[in-house]
Amino acid sequence: MQEQINKIKEIALQEIKEAKDLKILNDVKVKYLGKKGELTQVLRGMGELSPEERPIVGGLVNEVRDEIENKIEEKEEEFKSNEMKEKLEKETIDISLPGTKVKRGSKHPVNRVIEEIEDLFVSMGYDVVEGPELETDEYCFERLNLPKGHPARDMQDSFYITSEYLLRTQTSAVQARTMLEKGGKEPIRMICAGKTYRREDDATHSHQFGQVEGLVIDKKDKNVSLADLKGTLEVFVRKLIGKNCNLRFRPSYFPFTEPSYEVDVSCFKCEGKGCSLCKQTGWIEVLGAGIVHPNVLEMNGYDPKEYGGFAFGTGLDRLAMFKYGIPDMRYLYANDIRFLKQFDRKDEE
Ligand code: DAH
């Protein structure tokens, strides 16, 4: 019997040695160590042995079993590491290849203009404030001296959500909000830039556009005057559009200011001589402005006998168009990467 066991061992080790892959090795494992394997069969026949022989044969079978097991494990490891080696060799990565470029967005031209305006006004002591785009009729119109049915509402074709809520047509709504927030007592110097909406759509109008609003209120004895308004707007356009720009105030009408003005800037393209941009007039209209109407002060908690000031508002898109020479306002909202990419390095200029 011992001879038989040693024979099995010899053949098994030989087969392990010759095994060419994991599958064959596995078959060998089953053949010798499995439930019906050759060594197991030997153990089954142990009943026929004498009590003295049994432990000797039992010990030998275990020894041989361990040896076969170890050899199979060794061989398995060998196969696995060869496989890994092969895989690594096949999968070499060429680190000299250029990587896939991550595309980066850039700041939108309108946002560049907003940041520039905010920086400028903060440097003059203004607060930067915000208001909701979904606004109420009350703040967008009524508190700005535009009661329901007022004919001046016709100038702003609006998107109403309900009879009370609309997409704000002007950032002027934030004037009322700021005054109420200050409680009719504190002086105000604020600037507010944001999105506004009207039912318009052509080369110089879009249904969504940007506006910036400014409001200055102080005690009457501080004498916030038209001269201050003019000086402020001059600094504004000279910083944003061109150092040599001049301003012209034309009397106009806005319900929330009295007197009201439309403010023109001298054409920065032809320097006032007359060209296609300024339609040969030498001037381009850029702003609405005026002295805050007493009704507006009163409706929003400020006593018009004690307080007064000025307000102004302008379209951000037009400013961006002037600043960067953009011919059609719709480019600003088409989300075309080819257009937007052109502003990548404008900040450094
Ligand atoms: N909100 C006006 C508009 O959208 C612009 C405007 C005019 C704003 C005069 C003002 C102002 O603050 O004083 O047409």
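Biologist: What makes the approach of Ala311 to an oxygen atom of the ligand a polar contact?

Modeller: A backbone N or O atom of Ala311 lies 3.3 Å from that oxygen atom, and a polar contact is a pair of N or O atoms within 3.5 Å, so the pair qualifies. This is a predicted model, in which local features need pLDDT of at least 70 and side-chain atom pairs pLDDT 80 or more, whereas totals for chains, interfaces and linings use all residues. Residues are numbered from 1 along each chain as its sequence is written, and side-chain values use heavy atoms, without hydrogens and water.

Biologist: Which other residues have a polar atom beside an oxygen atom of the ligand?

Modeller: A polar backbone atom of Phe312 is 3.3 Å from a ligand oxygen, and an N or O atom in the side chain of Glu213 is 2.6 Å from one.

Biologist: How much of the ligand does the protein bury?

Modeller: The protein buries 91% of the 360 Å² that the ligand exposes when taken alone (Shrake-Rupley method, 1.4 Å probe).

Biologist: Which elements give two or more residues to the shell around the ligand?

Modeller: They are β5 (208–219), β8 (283–292) and β9 (307–315), where strands are DSSP runs of E with at least two residues, numbered from the N terminus.

Biologist: Which residues around the ligand come nearest?

Modeller: Of the 15 residues around the ligand (a heavy atom within 4 Å), Gln170, Ser172, Arg198, Gln211 and Glu213 come nearest. By class, the shell holds five nonpolar, eight polar and two charged residues, with Gly counted as polar.

Biologist: How do you know that the peptide bond from Glu258 to Pro259 is cis?

Modeller: Its omega is near 0°. Pro259 belongs to strand β7 (residues 257–266).

Biologist: What is notable about phi at Lys279?

Modeller: Lys279 has a positive phi of about 55°, although it is not a glycine. Lys279 sits in the loop between β7 and β8.

Notes
A polar contact is a pair of N or O atoms within 3.5 Å; within protein, one must be able to donate a hydrogen and the other to accept it, and residues adjacent in sequence count only if both atoms are side-chain atoms. Helices (H or I, at least four residues) and strands (E, at least two) are DSSP runs, numbered from the N terminus.
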